[in-house]
Amino acid sequence: MKIWLDGKLVEESEAKISVFDHGILYGDGVFEGIRFYNRRVFRLEEHIKRLFESARAIALKLPWSEEEVCQYTIDTVKANGLDDGYVRLVVTRGAGGLGLSPYLCETPSMFIIASTIKLYPQEHYDNGLSLITCATRRPAPGALMPQVKSLNYLNNVMAKIEAIQAGAVEGVMLNEQGYVAECTGDNIFLIKDGRLITPQVSDGALDGITRRVILELADQLGVPYEERSMTRYDIYTSDECFLTGTAAEVIPVKSLDQREIGDGKPGEVTLRFISAFRELAGSTGASID
Ligand code: PMP
């Protein structure tokens, strides 16, 4: 496997970063996950723009332009000879001394991995996922801005542990006020009386690229939507529920806290979104050829 690291495509065994990198020492950095389908990178510019915005928000200045990073992403996919897969871009503050100050780090580091991914078994796409509510809360926006896709995922990791230990597949994370924010690695949507509803970003949701695609598709499919605060009550009493994420794509939910959602099967509106998403993802994106 070839890895792009700080300007060069190197073998995986040579792709190494310093133990003094603040990305490792303090989780000081940002990242992106992007899919490519049929040799086209889906929503490439949008992902790279979000990467740059995450970096700006944490005062991390990248020495490359957005166009250059798009090209490096394409180069990495090409170098690995893959037609379909997942790209992970990680930007760290770079190597510095032992001390929190980012000003100890001279140059940021970036690496790009192009690989394959299978997040959930097919069975969950066919029958729906089971969710639990996690006790671990999403950090308040005043603690960690929800739009920043940072290397600080410990909250999400703790919540994921809870979900797995409870025998569920994913977990719903609430914010400090008890409103639904999102899941540990996915955004959440529900359908109630024909309307699509998803939490606002200000309730602690990542401004997911797949979430944005679903809102665009809602317009095209003529499904009215609202971004608003919701509690678990809204999910328990919804007709349908699904999650979205780059890795997971669009995946139906069958239950939350062992309460069946709708009739416990992937709903009709959810299935329309899944097929519209697949069609779009399979036919658009930046060509790697
Ligand atoms: N929320 C969280 C916490 C995530 O990590 C992700 C990405 N895995 C998402 C939502 C979905 O975002 P996107 O559609 O941009 O992948």
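This passage looks at aromatic pairs, a buried histidine and a helix packing in the structure above. The model is predicted, so local features need pLDDT of at least 70 and side-chain atom pairs count only at pLDDT 80 or more, while totals for chains, interfaces and linings use all residues. Residues are numbered from 1 along each chain as its sequence is written, and side-chain values use heavy atoms, with hydrogens and water left out.

A good place to start is with the rings. The structure holds 7 aromatic pairs (rings of Phe, Tyr and Trp, the last by its six-membered ring, with centres within 6.5 Å; planes under 30 degrees apart count as stacked, over 60 as edge-to-face and the rest as tilted). One of them joins Tyr37 and Phe42 edge-to-face, at 6.2 Å centre to centre and 75° between the planes. Tyr37 is buried at 11% relative accessible area, and Phe42 is buried at 6% (buried means under 20% relative accessible area, exposed over 50% and partly exposed in between, with a 1.4 Å probe and protein chains only). Phe242 and Phe273 form a tilted pair, with 5.7 Å between centres and 35° between planes. This pair links distant parts of the chain, 31 residues apart: Phe242 belongs to strand S13 (residues 240–245) and Phe273 to helix H8 (residues 268–283). Helices (H or I, at least four residues) and strands (E, at least two) are DSSP runs numbered from the N terminus. Phe242 is buried, at 0% relative accessibility, and Phe273 is buried with a value of 0%. Elsewhere, ring pairs join Trp4, Trp64 and Tyr72 into a cluster.

Phe273 appears again where helices meet. Helix H6 (residues 209–221) packs with H8 at about 110°, the axes being 10 Å apart; axes are lines fitted to C-alpha atoms, for helices over the stretch in contact, and angles run from 0 to 180 degrees between N-to-C directions. H6 is therefore roughly perpendicular to H8, a label for angles of 65 to 115 degrees (under 35 is roughly parallel, over 145 roughly antiparallel and the rest oblique). Among the residues making the contact (heavy atoms within 4.5 Å) are Val213 and Leu217 of H6, with Phe273 and Phe277 of H8.

Helix H4 (residues 122–127) contains His124, which is buried at 12% relative accessibility. Leaving aside neighbours within four places in sequence, His124 is in contact with Leu129, Val169, Ile251 and Pro252.
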